[in-house]
Amino acid sequence: MVKVGVPLGKAVVVGGMALLGLSAVQAADVKVIHAGELLAVPGSGAKSEQTVVIEDGRITAVMDGYRDAGEFGENAVAIDLKDKFVMPGLMDMHVHIQMELGPNADSQALRMSDADIAMQSVHYARKTLMAGFTTVRDLGARPEQLYALRDGVEKGWIDGPRIIGSGGVSVTGGHGDVDGMRPDLLEKYTSKTICDGGDDCRKATRRAVKFGADVIKITATGGVLSDTNTGTGQQMYDDELKEVMDTAHSLGRKVAAHAHAAQGINAALRAGVDSIEHGSYADEESIRLFKETGAYMVPTLLAGDTVVKMATNSDFMSPAIKEKALRVGADMMGTFEVAYREGVKIAFGTDSGVSRHGTNADEALLMQQAGMTASDILKSATVNAADLIDMSDSLGTLEAGKYADIIAMDTSPLSDISALTNVTFVMKSGKVHKD
């Protein structure tokens, strides 16, 4: 039909545009999930018989009852999860996606090319996604390969979780610096973001951001898996910590601090860190600083449990590593129990790569063993994790406008947290990866 008062030629153009617009609507990727039980906002109650509508990778509506997919377009695809528990994709705030600890890990790393490392990380990324973890924060990897993996996932070239990639800043000889090799290899593999003194650490932080870091990872204290007997006390000085924090924050980057001993935890919190990784020996002062600053604890109980078992049941660890593994790993649960009880904010994190990739949900079992409720565990792996990475507007809950990162399992983890270890459906940004 030609509009009155519109020249015929223009009417054809208008009509053509209308048809193009109609085609665009029909071409939209629309999926309609029927969820038997839906936990749309972890921390709140689950609801029965819900419909989640997804268009082009984002949620457009969450509705009561089972709505017919045809209501949302003739090409809308219905996904039947009526016998499943459905919730937002899980998020792990501490992984190492390029490695996996074991008797041959060090020798393999020396034999593998950069390309081999990259291919292995693709394998581990897929295992992580299939376990229901749709977003991770990688806090220690070869930067060039890590950022390529992150970008490849984002572009859809690779199936894996959304990756927040870190750049590491550590001090000479500290945890995070290369160790346990002959001198020429120590020189060869020393990172250019190893620093000493405030000015040098400012430069290292800037360099990490320049080459692609989404977040800065520092090692405020010694670590269990450093092949040295330098302990787990504070290693970065207060001025170095402060320069990293101020520089990273000025460049729009958050800072995660590996920290075991209370002195290092407290120094990092006073300097303004955004999260403490492990927090194995947090004390009363630590608890006060956590609550005062609003920083998160990322407990990584699974890493502690893993290294204790490895130190007890195998002999590949050096004496220095074994001593730290048995001591620190055994102490982490008690500290976490106190921190949770005292109201410290908790974000889910495993240190996977120390533990096996794809077993990330085992962290939840340990968190519950330490006294955390199932509801709070789910919140730590969704709502809290999204807040930590400043993505609450896009992730963490199933609400209109957010990415359709959705998982499902046969039973409710609110009644049995082990349900998280058997995720049967995985969707990320509207794409089904496991069904």
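**Exercise 1.** In this predicted model, identify which residues are linked with Arg150 in a network of salt bridges.

*Solution.* The network of salt bridges joins Arg150, Asp151 and Asp214. A search of the whole structure finds 18 salt bridges, and two further exercises below take up individual pairs.

**Exercise 2.** Determine where in the chain Lys431 and Asp159 lie, and whether each counts as buried, partly exposed or exposed.

*Solution.* Begin with the pair itself, whose side chains meet in a salt bridge with an N to O distance of 3.4 Å. Next, place the partners: Lys431 belongs to strand β16 (residues 431-434), whereas Asp159 sits in the loop between α4 (143-154) and β7 (162-171), so that the pair, 272 residues apart, links distant parts of the chain. Finally, since partly exposed covers the range between 20% and 50%, Lys431 at 42% relative accessibility and Asp159 at 29% both count as partly exposed.

**Exercise 3.** Work out how Arg202 and Asp199 are separated within helix α6.

*Solution.* The two residues form a salt bridge, with their closest N and O atoms 3.2 Å apart. Because they are 3 residues apart in helix α6 (residues 198-210), about one helical turn separates Arg202 from Asp199. Arg202 is partly exposed at 24%, while Asp199, at 56%, counts as exposed.

**Exercise 4.** Explain why the buried residues of helix α12 line one face of the helix.

*Solution.* The buried residues in α12 (residues 362-369) are Glu363, Ala364, Leu366 and Met367. Viewed down the axis of α12, these buried residues fall within an arc of 165 degrees, and therefore they line one face. Their packing partners are α10 (301-313), α11 (319-341), β13 (345-346) and α13 (374-380).

Conventions: Residues numbered from 1 in each chain as written. Predicted model: local features only at pLDDT ≥ 70, side-chain atom pairs only at ≥ 80, totals over all residues. Heavy atoms only, no water. Buried < 20%, exposed > 50% of the residue type's maximum accessible area, 1.4 Å probe, protein only. Helix = DSSP H or I, 4+ residues; strand = E, 2+ residues; numbered from the N terminus. Arc of directions from axis to C-beta. Contact = heavy atoms within 4.5 Å. Salt bridge = Lys/Arg side-chain N within 4 Å of Asp/Glu carboxyl O.
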